[in-house]
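Here's a quick tour for anyone meeting this structure for the first time. Have a look at it below, then read on for the main points.

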Amino acid sequence: MSGALLQLTGVGLAFAGNRVLDEVDFAVPERGIVSLIGPNGAGKTSLFNCITGFYRPHVGAITFGGHDLRRLKPHRITAAGIARTFQNLRLFREMSVPENVMSGMHCRTHAGAFGAIFRPPRQRAEEAEIRATAAECLRFVDIAGDWNRVATTLPYGHQRRVEIARALATRPRLLLLDEPAAGLHGGEKQELIALINRIRDERGIAVLLIEHDTGLVMKVSERISVLDHGVMIAEGTAKEIQANPRVIEAYLGQEDAGADLEL
Amino acid sequence: MATDDRPGAGTTPALARLAGPLAALADNAAARRAGIVALLALMVVAPFVFGEYATVILTNALLYVVLALGLNVVVGYAGLLDLGYAAFFAVGAYTVGILTLRVGVNFWLTLPVAVCTAALAGVIIGGPTLRLRSDYLAIVTLGFGEIVRISARNMSITGMASGLSGIHQPWLFGWHIATPRDFYYLFCVLAILAVAVSVRLADSRLGRAWLYVRYDEDAAEAMGIDRVRVKLAAYVTGAIFGALGGVFFAVNLGAISPESFSFTQSVLILMAVILGGMGKIPGVILGAMIVILGPELLRSLGELRLLVFAVGLLLIMLFRPSGIWPGRGRQQ
Ligand SMILES: Nc1ncnc2c1ncn2[C@@H]1O[C@H](COP(=O)(O)OP(=O)(O)O)[C@@H](O)[C@H]1O
Ligand SMILES: [Mg+2]
C-alpha cells in the first residue's frame with residue numbers, strides 16, 4: 001500500500017482520556033472509491049477531522065501523495081489537494097449559490113486588498129476564472145437555474161450538491177464525503193451514486209465516503225473499511241465485508257442495523 | 001428547511017413594510033443610479049442651502065461615514081468585535097500633529113506615515129489576538145483603545161492632557177483648504193472614496209473570504225481559507241480607514257486632545273455600524289448620519305434631546321435587530 005494517495009499509519013486520537021481512534025491503519029489509492037462504514041460514534045467523522053487537520057492525532061502518521069500532513073493547518077491541507085463536505089450541511093448562509101462555490105477557489109487564487117481596490121488586469125482575469133470555475137462545478141453537479149438564490153434556501157438535496165460543487169472548486173485530488181446520502185430520497189441517492197462515479201471517472205479524483213446507507217456503499221465502493229469503537233475491524237470488497245463475522249457482530253450491536261447490511 | 005432560522009426574519013411588521021419599498025428601490029439599477037446622482041447633487045449644494053453651521057455638522061457626519069465604513073470592514077464584513085477603534089483614529093490624528101508641528105513635515109507626507117503606523121499597530125494587536133478563536137479581540141481592542149488614549153495623555157510629545165494645537169491647514173495644488181466649506185468638500189471626496197473602496201472590497205475575493213469566515217469559520221478553513229490571515233487583513237484595512245479619518249480630523253479642527261479618542265468615540269462608531277445593519281454600505285452611511293445628525297436635529301428639545309435620541313436608538317435596535325437597511329436573503 002506504499003503507493004497509496006492517502007496513507008494513515010497507527011493513528012490514535014483521544015479526548016480527555018476517552019479513546020476515539022486506536023492504531024488506525026488506512027489507505028486510499030489514487031483514483032479509488034473507498035468507503036468507511038461503522039456504527040454511530042465509531043469515530044468516522046473524527047477520522048475525517050484528523051485527515052483534514054481539524055483534529056490532531058496523538059500518535060501515528062498521515063501522508064498524502066508522500067507528504068506528511070500532520071502539522072499542517074486545515075487550509076493548507078485543502079491547498080494540498082484534499083477537499084471535504086460536512087455531515088451536517090455547512091453552507092455559508094445569506095450567500096448566493098455561486099458565491100458559496102467560489103469559496104473553493106480561494107486557495108487557488110491570490111488577489112488581496114490592493115487587487116480588490118485597484119482592479120489590475122491580473123485581478124480581473126482571476127475573478128473571471130473564479131466565476132467560471134464556480135459555474136462549471138455547479139453544472140457538473142447538475143445544479144442549473146436557481147443561481148441567484150441564497151444557497152440555504154434551496155431544497156435539501158440541492159444544498160448537498162452545492163456542498164459537493166464547493167469542494168470540487170478547490171480542485172482536489174481526494175474528496176471526502178461525510179454521509180452525503182443522509183436525508184436524500186431514493187432517486188436522489190441514485191443520482192449521488194452516478195455523481196460519485198463521474199467525479200472519479202471524469203476528473204480522476206479519489207473519493208473517500210462515510211455513509212450509513214449500506215446499499216449505496218456496496219454499489220459505489222471498490223474497497224470498504226469498517227470502523228468500530230475507534231478500531232479498524234475489517235477491510236475488503238463489498239462481498240468480503242458482508243461475509244465478515246466481526247462486521248456482522250459489530251452491526252448486530254446496533255438496534256436497526258441487522259437489515260442494513262443486506263443489499 | 002433551513003429557511004427560517006435567519007435572525008430577525010419575519011419579526012417587524014410595520015418597519016418591515018416600510019423597508020419593502022426601500023429594498024425595491026435599492027434593487028432597481030436605474031432608480032439606484034438616479035438616487036446616487038440626486039445625493040451627489042445634494043452634497044454639492046448643501047453648504048449653500050443650509051449655511052455654515054450645518055456645513056460644519058455635515059463635515060463631522062462625513063468623517064463618521066469614513067470611520068463607520070472602516071469599522072464596518074472589521075465588524076460587518078469579518079464579524080470581529082472591535083471596541084477600541086478610536087485608537088486608530090488617534091494614531092492618524094497624532095501622526096499629523098506630531099510630524100507637522102514637531103518635525104515640520106509637509107501634511108501630505110504624513111499620510112503614508114499614518115497609514116503605515118496604523119497598519120503596523122493593527123498587525124501588532126491583531127496578529128496574536130486573531131489566532132484565538134473567541135472574543136478575546138473585544139477585550140484586547142478595548143484595552144488597546146484605552147492604552148492609546150492614556151499614553152497620549154501622559155507623553156510630552158503628544159502634548160499631555162491638553163493635546164496638540166495649531167496644526168496648519170493644508171494646501172492642495174494651490175488650494176488652501178481653510179474655510180469650513182473647503183473642509184466640507186474635502187470630506188465629501190474622502191467619504192466618496194471610502195464608499196468606492198468599500199464597494200470594491202465587498203465584491204472581491206478578499207471581501208467574500210471575510211463573509212465566509214464570519215458565517216462559518218470551520219467551513220471556510222475547509223475551503224482553503226487561512227482564517228487568521230483573512231481576519232488580519234480586515235483588521236488592518238479598518239485600521240487604515242480609521243487612521244486616514246484621524247489625519248483629516250486633525251487638520252480640520254487644527255487641534256486634538258486625548259478626549260477625542262475615548263471609549264465613547266469607539267462606541268459611537270460601532271453604533272453607526274450596527275444601526276445600519278452590519279456589512280451593508282448604504283445602511284452604515286445612514287447609521288453614521290443618524291448618530292451625528294440625530295442629536296443635532298433634536299436640538300430644539302433642549303435637555304431632553306439625548307434621552308429622546310437614546311430611546312429612538314433603542315427602539316430601532318428592538319424592532320430591527322439586523323439594522324435599518326433591508327438585508328439580503330429576502331429572495332426566498
Ligand atoms: N471534539 C470532540 N470532543 C470530545 N469528544 C469527541 C469530539 N469529537 C468526537 N468525539 C467523540 O468521538 C466519538 C466518535 O465520534 P464521531 O467521530 O463523530 O463518530 P461517527 O462519525 O463515527 O458517528 C464519539 O464518542 C464522540 O463523542
Ligand atoms: Mg459522523
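A compact globule of 263 residues would have a radius of gyration near 18 Å, and chain A comes in at 19 Å, so the two agree. Keep in mind that this is a predicted model. The notes below start with the chain as a whole, then move to the two ligands, and end with one buried side chain.

**The chain as a whole**

- Taken along the principal axes, the C-alpha atoms of chain A fill a box of roughly 65 × 40 × 35 Å.
- Count up the secondary structure of chain A and you get 11 helices and 10 strands.
- Of the 263 residues in chain A, 57% are buried.

**Around ligand 1**

- Ligand 1 has a shell that includes the run P39(A), N40(A), G41(A), A42(A), G43(A), K44(A), T45(A) and S46(A). F15(A), V20(A) and Y55(A) are part of the surroundings too.
- Sorted by character, the shell residues are 5 nonpolar, 5 polar and 1 charged.
- Helix α1 (residues 44–51) of chain A gives the largest share of that shell, with 3 residues.
- Two contacts involve oxygen atoms of ligand 1: a polar backbone atom of G41(A) sits 2.8 Å from one, and a polar side-chain atom of T45(A) is also 2.8 Å from an oxygen atom.
- Y55(A) brings a polar side-chain atom to 2.9 Å from a nitrogen atom of ligand 1.
- On its own, ligand 1 would expose 560 Å², and the protein buries 62% of that.

**The magnesium ion**

- Which residues coordinate the magnesium ion (ligand 2)? They are T45(A), through OG1, and Q87(A), through OE1, at 2.0 to 2.2 Å.
- This pair links distant parts of the chain, with the two positions 42 residues apart: T45(A) belongs to helix α1 of chain A, while Q87(A) is in the loop between β6 (82–84) and α3 (97–102).
- T45(A) has a relative accessible area of 25%, so it counts as partly exposed.
- Q87(A) is partly exposed as well, at 29% relative accessibility.
- T45(A) turns up in both stories, since it is part of the shell around ligand 1 and also coordinates the magnesium ion.

**A buried glutamate**

- Look for E163(A) in helix α6 (residues 156–168) of chain A.
- Is E163(A) buried or exposed? Its relative accessible area is 2%, so E163(A) is buried.
- A polar atom of the E163(A) side chain lies 2.8 Å from the backbone nitrogen of R90(A).

Note on methods. Residues numbered from 1 in each chain as written. Chains lettered and ligands numbered in written order. Predicted model: local features only at pLDDT ≥ 70, side-chain atom pairs only at ≥ 80, totals over all residues. Heavy atoms only, no water. Near = heavy atom within 4 Å. Polar contact = N/O pair within 3.5 Å; in protein donor to acceptor, adjacent residues only side chain to side chain. Areas by Shrake-Rupley, 256 points an atom, 1.4 Å probe, with all protein chains shown as cover. Helix = DSSP H or I, 4+ residues; strand = E, 2+ residues; numbered from the N terminus. Nonpolar A, V, L, I, M, F, W, Y, C, P; charged D, E, K, R; others polar. Donors = N, O, S within 2.8 Å, 3.2 Å for Na, K, Ca; no water. Buried < 20%, exposed > 50% of the residue type's maximum accessible area, 1.4 Å probe, protein only. Rg over C-alpha atoms; globule rule 2.2 N^0.38 Å.
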